[in-house]
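Please look over the sequence and the 3D structure below before reading on. The briefing then goes through them topic by topic.

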Amino acid sequence: VVFFFSSRRRHTRCSGVSWARRCVQETDLIVIGGGSAGISSARQAAKFGQKVLVIEHKRLGGTCVNVGCVPKKIMFMGTSVMESVKELQRSYGLQNLSLIHI
């Protein structure tokens with residue numbers, strides 16, 4: 001999947017061979033990989049008026065944003081909150097509450 005960034009538009013998704021060829025011909029910078037660093041550099045270059053092409057195999061954002069660090073932190077935080085609630089239930093003598101099932 002190819003994404004085209006420019007200072008005039010946020011981004012355009014180029015799909016198909018003819019669109020991809022046209023995007024490449026109109027490009028000042030090609031970024032391979034749409035992870036955090038790739039998107040950041042593409043946006044920065046677009047702010048300076050450059051036409052930027054980002055080539056990404058899957059979804060924009062990369063591994064950390066889509067399946068790695070961020071989802072892991074969300075699950076960890078949810079588990080921490082649930083553990084705190086369970087501890088508070090025990091401290092206040094509310095062991096038989098059926099509001100939370102873990």
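How many helices and how many strands does the chain have? The chain has four helices and four strands. This is a predicted model, and the points below describe what was computed from its atoms.

**Overall layout**

- Along the sequence, the helices and strands come in the pattern β-β-α-β-α-β-α-α.
- The chain has 102 residues, and 24% of them are buried.

**The β-α-β unit**

- Strand 3, helix 2 and strand 4 together make a β-α-β unit, and this unit is right-handed.
- Strand 3 covers residues 29-32, helix 2 covers residues 36-47, and strand 4 covers residues 52-55.
- Strand 3 pairs with strand 4 in the parallel sense, over four bridges.
- Leu-29 has Val-52 of strand 4 as its bridge partner.
- Ile-30, which lies in strand 3, stands opposite Leu-53 of strand 4.

**The largest nonpolar core**

- Six residues make up the largest nonpolar core: Val-31, Ile-39, Ala-42, Ala-45, Val-52 and Val-54.
- Helix 2 and strand 4 each supply at least two residues of this core.
- Helix 2 gives the most to the core, namely three residues.
- Val-52 therefore appears twice in this briefing: as a member of the core and as the bridge partner of Leu-29, and as a core member Val-52 is buried by definition.
- In soluble globular proteins, nonpolar side chains tend to be buried together.

**A nonpolar patch on the surface**

- Val-24, Ile-30, Ile-32 and Ile-55 form a nonpolar patch on the surface.
- Together these four residues have about 370 Å² of accessible area.
- Is Ile-30 buried or partly exposed? Ile-30 has a relative accessible area of 43%, so Ile-30 counts as partly exposed.
- A residue would have to be under 20% to count as buried and over 50% to count as exposed, and values in between are partly exposed.
- Val-31 belongs to the core, whereas Ile-30 and Ile-32 belong to the surface patch.
- In a regular strand, side chains alternate between the two faces of the sheet.

**Salt bridges in helix 4**

- How many salt bridges are counted? The count comes to two.
- One salt bridge links Glu-83 and Lys-86, whose closest N and O atoms are 3.9 Å apart.
- Both Glu-83 and Lys-86 lie in helix 4, which covers residues 69-91.
- Glu-83 and Lys-86 are three residues apart, about one turn of the helix.
- Glu-83 is partly exposed, at 42% relative accessibility, and Lys-86 is partly exposed, at 23%.
- Another salt bridge links Glu-87 and Arg-90, with 2.8 Å between the closest N and O atoms.
- Glu-87 and Arg-90 are three residues apart in helix 4, so about one helical turn separates them.
- Glu-87 is partly exposed, with a relative accessible area of 43%, and Arg-90 is partly exposed, at 42% relative accessibility.

Technical notes: Residues numbered from 1 in each chain as written. Predicted model: local features only at pLDDT ≥ 70, side-chain atom pairs only at ≥ 80, totals over all residues. Heavy atoms only, no water. Core = buried A, V, L, I, M, F, W, Y, C linked by side-chain atoms within 4.5 Å. Buried < 20%, exposed > 50% of the residue type's maximum accessible area, 1.4 Å probe, protein only. Patch = residues over 30% accessible without salt bridge, like charges linked within 9 Å, V, L, I, M, F, W, Y side chains within 5 Å. Areas by Shrake-Rupley, 256 points an atom, 1.4 Å probe, with all protein chains shown as cover. Salt bridge = Lys/Arg side-chain N within 4 Å of Asp/Glu carboxyl O. Pairing = 2+ DSSP bridges. Right-handed = clockwise from strand over helix to strand, strands pointing away.
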